[in-house]
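Trainee: I have a new structure to look at, and I'd like to learn how to read it. Could you walk me through it?

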Amino acid sequence: MTAALELREVSKVYGSGSAEVHALCGVSLSVSAGELVAVMGPSGSGKSTMLTIAGSLEEPTSGQVLVAGMELSGASPNDQAKLRRRIVGYVFQDFNLLAGLTAVENVTLPLELDGVRGRAARSTGMRALEELGVAERADRFPDELSGGERQRVAIARAVVGDRRVLLADEPTGALDSVNGEAVMRLLLAACRRGVAGMVVTHDAVLASCADRVVFLRDGRMIDQTRTPPGPESLLTSGPQR
Amino acid sequence: MSVRHALLALLSEGPKFGLRLQQEFEERTGEVWPLNVGQVYMTLQRLERAGLVESDDEGGPGPQKRFMITQAGGAELQGWLRTPASDIPPPRNELVIKVLISLRVPGADVYDIMQVHRRHMIELMQRYSRLKTEAAQNDIELALIADAELFRLEGVVHWLDAAETRLKQHPVPDPAGRPAAAADRRDAQMPTLAAHIQGTAVRR
């Protein structure tokens, strides 16, 4: 199976000398296209650092990050920014939708920043909204949407176009457990369409929706779930996008 | 799980044969609480002796016997539905006992032991989450049962997390008399364990 996201011996050190903090220590993790991996660990275990490094928002101190087969560490800042816009999508706890743009405008923003023209961008954006079941809300502004709808729009924005990697940091934090579960199912469905997903969460119930759960402690990956959660493997990727 | 009250509840919908009761129980809860037909007939016999159900066949128990709930059975069911479950004294918790004992066993790494249990709980939770995902959208009964187990197991994971934080803040002295250094012991073992796991991850 293709590893769409791969971390090889990734370490991250903040500060120096006596103030040195080892946020990540030699973490290796491979996420396949079609797979959703949840990352669990206590505060300060390195979960968020791992996510930001995986998404090239931060450079590792050592080690390699490969996204869709491309190594990030050697890439120029420009190329990294391009990769972030085209290949990597993010879902944040507080949605991060722009209040002055409609749902579909929020979704198409990364495409337009990447030079996709208006009509083509809208059509791609509408497809993403349809996949998330909120196409009929396309022309509404964020404050006209419910919390669950806003998060669906945020997921649509994260997977719009030809994204290969979906990263989510506590994506259900503001929602109740049933709506949080619905968001996890949407993330899982998005992954099944050929995306590699990594979700950071402290919520064990939501983590259990993922195909695999990895455990971080003090910057180290100490363990991961080992058995497939059902009789047949969940790790088969769906039809490729 | 009270099988006798579950059977009374199924009979409150109308008279049913024993085999039908077993099938309906399995349909509604079977993936979580399987029940064999022998248990059903044994429970029905006890309920009949207690006057809570009656049958319309004087012969011995068998698939042809039809059971009905009595007025006393209906009252018993209503009373049971409104009676809170007794949690005093708390049920004996094997996991808590194992963690407490591991603190006193020389050479036992309590953090490692807790992680084994944490992973097991999450793997169990994955099965219940999978059950919900695969169930029909309108299968509310199954979703409610799976939720109950998920939240129970989540409570166990919460306890493990809190226990780990407490032990890090206040390490228990080593029973063999060595200085308390639980966190250091764990760190010393970490590279081996991490290397093993990461090797597994790369091979996947």
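Mentor: Sure, and let's begin with a term: two strands pair if DSSP finds at least two bridges between them. Keep in mind that this is a predicted model. Here, strand β4 (residues 62–67) of chain A pairs with β5(A) in the antiparallel sense, over 2 bridges. Within β5(A), A:E71 is the residue opposite A:L66.

Trainee: What is the order of the strands in the open sheet of chain A?

Mentor: The general idea is that strands of a sheet pair through backbone hydrogen bonds, either parallel or antiparallel. In this case the open sheet has 4 strands in the order β2-β1-β4-β5 (chain A), and the pairing is antiparallel.

Trainee: How many bridges join β1(A) to β2(A)?

Mentor: There are 8 bridges between these antiparallel strands. To pick out one spot, A:V13 has A:H22 in β2(A) as its bridge partner. The two strands, β1(A) and β2(A), make a hairpin with 6 residues between them, and A:G15 in the turn has a positive phi of about 70°. On to β4(A): 5 bridges join β1(A) to this strand, again running antiparallel. A:R8 finds its bridge partner in β4(A) at A:Q64.

Trainee: Which strands stand at the edges?

Mentor: Those are β2 (21–32) and β5 (70–71) of chain A; each has a single partner strand, so one side of each has no neighbour in the sheet. Helix α1 (residues 47–54) of chain A packs on the sheet, where the helix touches β1 (3–14), β2 and β4 of chain A. The direction of this helix makes about 125° with that of β1(A).

Trainee: Now helices. At what angle do α1 and α3 of chain B pack?

Mentor: Two packed helices are described by the angle between their axes and the distance between the axes. For helix α1 (residues 3–11) and helix α3 (residues 37–49) of chain B, the angle is about 80° and the axes are 10 Å apart. α1(B) and α3(B) are therefore roughly perpendicular to each other, as angles of 65 to 115 degrees count that way.

Trainee: Which residues in α1(B) meet α3(B)?

Mentor: B:V3, B:R4 and B:L7 do, and their counterparts in α3(B) include B:V40, B:L44 and B:L47. By class, the residues of this contact are 5 nonpolar, 2 polar and 2 charged.

Trainee: And how is chain B divided into domains?

Mentor: Domain 1 covers 3–81 and domain 2 covers 94–203. Their contact takes 4 residues from domain 1 of chain B and 5 residues from domain 2 of chain B. On the domain 1 side, the contact has 1 nonpolar, 1 polar and 2 charged residues.

Notes. Residues numbered from 1 in each chain as written. Chains lettered and ligands numbered in written order. Predicted model: local features only at pLDDT ≥ 70, side-chain atom pairs only at ≥ 80, totals over all residues. Domains from an automatic or database assignment. Contact = placed C-beta atoms within 7 Å. Nonpolar A, V, L, I, M, F, W, Y, C, P; charged D, E, K, R; others polar. Axes fitted to C-alpha atoms, helices over the stretch in contact; angles between N-to-C directions. Parallel < 35°, antiparallel > 145°, perpendicular 65-115°, else oblique.
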